Structures are given as structure tokens and as C-alpha cells.
Amino acid sequence: WEAFLRKRTNTNPTHGPFHFRSPAEFVRRVIRGMVPHKTPRGAAALGRLRIFEGVPPPFDKTKRVVIPDALRVTHLRPGRKYTRLGDLSKSIGWKYSDIVERLEEKRAIRSAEFKKAKAAAAKLRRQALANVSKN
């Protein structure tokens with residue numbers, strides 16, 4: 001990372017390369033390296049890419065999907081070292097990890113309340129359907 005951080009434009013450093021610290025921009029740059037971003041097809045693919053830190057409001061109500069092939073348990077042997085992208089970003093200068101953690105805790109509490117209310121509503125619906133079928 002230090003070698004990458006030293007790379008800059010000699011005449012005017014504001015012309016790049018830019019060293020993003022946030023996990024979202026980190027991932028965006030990694031994906032950009034895998035996609036032919038100079039072709040119209042690659043540029044369109046990168047334009048469709050959306051990356052967030054945490055779970056933003058439009059997506060916090062949707063159901064999470066687990067991708068088994070992406071689980072650490074299935075790919076790493078026990079005892080292997082690993083790192084989390086948030087921890088890596090924090091160590092290289094990302095300032096907002098505490099804020100994202102705090103927002104994630106609030107989101108988790110709201111999500112648990114929503115799930116509890118939804119389960120109660122489903123139970124009432126089942127009881128109402130059972131009562132209607134009796135009569």
C-alpha cells in the first residue's frame with residue numbers, strides 16, 4: 001500500500017492517481033481492474049455498478065441473500081489468516097468506520113422490530129383465516 005500511495009503525477013498531484021480509502025471505492029477500483037472499462041460495454045457495466053458502505057435505506061427492507069460460494073467457512077481452512085475490508089480501510093485512513101458501525105447497529109435494531117411486527121401480523125392473519133374457514 002505504501003508503494004501505491006507514493007505513486008502520483010509528478011507535475012500536478014491533483015491529476016491522480018487517486019488513493020481512495022473507503023471500502024466502496026476500494027472495491028470499485030478492484031472491479032475496474034477486472035473489467036474492460038475503456039470499451040463502451042465495460043463503461044456501461046461500471047456505470048451499473050452500485051457499491052455501498054453498510055446497508056442504505058432503500059435496501060434495508062429487502063431480504064438478504066447468502067451466497068454459499070462466497071462464505072469464508074467454505075473457502076478458508078481453519079487457522080488461516082484473513083482480514084476484513086472495513087478493518088483494512090480503517091488502517092489506511094478511512095475515517096467513517098465508526099459512523100457506519102453505529103448506523104448498522106441502528107439498522108439491525110429497526111430490522112429486528114420490523115421482523116417481529118411482520119411475524120405478529122402473519123400470526124393474526126393465520127388466525128383470521130382459520131376462524132373464517134371454521135364458519
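Let's start on the surface, where Val66, Leu71 and Val73 make a nonpolar patch of about 310 Å². Keep in mind as we go that this is a predicted model. One member of the patch, Val66, sits in the loop that runs between α3 (40-48) and α4 (72-75). Val66 counts as exposed because its relative accessibility is 60%, and the cut-off for that class is over 50%.

From nonpolar side chains we can turn to charged ones. Side chains of opposite charge can pair when their charged atoms come close. The structure holds four salt bridges, and three of them are worth a visit here.

Begin with helix α2, which covers residues 23-34. Here Arg28 forms a salt bridge with Glu25, and the closest N and O atoms are 3.5 Å apart. Why are these two partners separated by about one helical turn? Arg28 and Glu25 are three residues apart in helix α2, so about one helical turn lies between them. Arg28 has a relative accessible area of 26% and is therefore partly exposed. Glu25 also counts as partly exposed, at 26% relative accessibility. To place Glu25 against another part of the chain, take Asn12: the two are 13 residues apart in sequence, and their C-alpha atoms are 22 Å apart in space.

The next pair is Asp60 and Arg110, whose side chains meet in a salt bridge with an N to O distance of 3.9 Å. This pair links distant parts of the chain, 50 residues apart: Asp60 belongs to the loop between α3 and α4, while Arg110 belongs to helix α6 (residues 97-134). Is Asp60 buried or exposed? Its relative accessible area is 13%, so Asp60 is buried, the limit for that class being under 20%. Arg110, in contrast, counts as partly exposed because its relative accessibility is 44%.

A third salt bridge joins the side chains of Asp98 and Lys90, at 3.6 Å from N to O. Both ends of this bridge can be placed on the accessibility scale. Asp98 is partly exposed, with a relative accessible area of 43%, and Lys90 is partly exposed as well, with 44%.

Now for the empty space. Rolling a probe the size of a water molecule over the atoms shows where empty space is left. The largest pocket has a volume of about 360 Å³. Its lining consists of 16 residues, and those nearest the centre are Pro23, Arg84, Leu85, Gly86 and Asp87. Which helices contribute at least two residues each to this lining? They are α2, α5 (85-91) and α6. Helix α5 provides the largest share, with four residues. Sorted by class, the lining of the largest pocket has eight nonpolar, five charged and three polar residues.

The second largest pocket contains about 290 Å³ of space. This pocket brings us back to a pair we have already met, since Asp60 and Arg110 are both among its lining residues. Other residues of this lining include Lys61, Lys63, Arg64, Arg107, Lys115 and Lys118, along with Thr62, Ser111, Phe114 and Ala119. How many charged residues does the lining of the second largest pocket have? There are eight, together with two nonpolar and two polar residues.

Lys118, one of the residues lining the second largest pocket, is found in helix α6. With a relative accessibility of 57%, Lys118 counts as exposed. A long span across the model can be traced from here: Lys118 and Thr39 are 79 residues apart in sequence, and 46 Å separates their C-alpha atoms.

One more lysine rounds off the walk. Lys38 lies in the loop between α2 and α3. Its relative accessibility is 76%, so Lys38 counts as exposed. Between the C-alpha atoms of Lys38 and Leu49, which are eleven residues apart along the chain, the separation is 15 Å.

How values were computed
Residues numbered from 1 in each chain as written. Predicted model: local features only at pLDDT ≥ 70, side-chain atom pairs only at ≥ 80, totals over all residues. Heavy atoms only, no water. Patch = residues over 30% accessible without salt bridge, like charges linked within 9 Å, V, L, I, M, F, W, Y side chains within 5 Å. Areas by Shrake-Rupley, 256 points an atom, 1.4 Å probe, with all protein chains shown as cover. Buried < 20%, exposed > 50% of the residue type's maximum accessible area, 1.4 Å probe, protein only. 1 Å grid on protein atoms, 1.4 Å probe; cavity = no way out; pocket = protein on both sides within 12 Å on 5 of 7 lines; lining within 4 Å. Points joined across faces, edges and corners; volume = space filled by probe spheres on them. Nonpolar A, V, L, I, M, F, W, Y, C, P; charged D, E, K, R; others polar.
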